[in-house]
Amino acid sequence: MCEINVTSLVDVMIVLLIIFMIVAPISQGGIEVRVPQTESAPLPSSEAILVSVDDEGRVYIDQAEVRPEALGDVLEQVRSSRGLARVYVRADESNTYGRVMAVMGQLREAGFENIGLVTEPPPPEDE
């Protein structure tokens, strides 16, 4: 009579599941940006290119840092490779208006017409 002992396989599977449960949230790092808090309508949940501007003025496309003067060229390459026409801008609230507008100007020069600004809702007020 042949039997397969799966007890050790189940033990390994449980250990791997626990490891992935611990590692997955940690590995979802990103660019640290504190977006302004305001009441606004939610952005459409379609696919879009995410452009972030951190508190020091560095510009990122998704997770990759881009020189500000090369932003338009890189965005045109991203649009041709992914076929996306929508851009979401996440800018840190400590940025100046001029810095954010310069990034948005480069987006317009690159041919993007559909640009959204990412904000967070304010915390609920306790009564």
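How many helices and strands are there in the protein? There are 3 helices and 5 strands. The model is predicted.

**View 1. The whole chain, element by element.** Along the sequence, the elements follow the pattern α-β-β-β-α-β-α-β. The pattern begins with a helix and ends with a strand. Three strands come in a row after the opening helix. After that, helices and strands alternate.

**View 2. The open sheet.** The 5 strands form an open sheet. Their order across the sheet is E3-E2-E1-E4-E5, and the pairing is mixed. Strand E3 (64-66) and strand E5 (114-117) are the edge strands. Each of these pairs on one side only. On average, neighbouring strands of this sheet are turned by 30° against each other, direction ignored. Strands of a sheet pair through backbone hydrogen bonds, either parallel or antiparallel.

**View 3. Strands E1 and E2.** Strand E1 covers residues 49-53, and strand E2 covers residues 59-61. The two pair in the antiparallel sense over 3 bridges. Which residue in E2 is the bridge partner of valine 51? The partner is isoleucine 61.

**View 4. Surface and interior.** The protein has 127 residues, and buried residues make up 28% of them. About 9200 Å² is exposed. Carbon and sulfur atoms supply 57% of that area.

**View 5. Contacts across the sequence.** This view concerns contacts in the protein with a separation of 6 or more. Residues 24 or more positions apart account for 75% of these contacts.

Terms used. Residues are numbered from 1 along each chain as its sequence is written. This is a predicted model: local features need pLDDT of at least 70, side-chain atom pairs count only at pLDDT 80 or more; totals for chains, interfaces and linings use all residues. Side-chain values use heavy atoms; hydrogens and water are left out. Two strands pair if DSSP finds at least two bridges between them. Helices (H or I, at least four residues) and strands (E, at least two) are DSSP runs, numbered from the N terminus. Axes are lines fitted to C-alpha atoms, for helices over the stretch in contact, and angles run from 0 to 180 degrees between N-to-C directions. Buried means under 20% relative accessible area, exposed over 50%, partly exposed in between (1.4 Å probe, protein chains only). Contact means heavy atoms within 4.5 Å. Accessible areas come from the Shrake-Rupley method with a 1.4 Å probe; for residues, only the protein chains shown count as cover.
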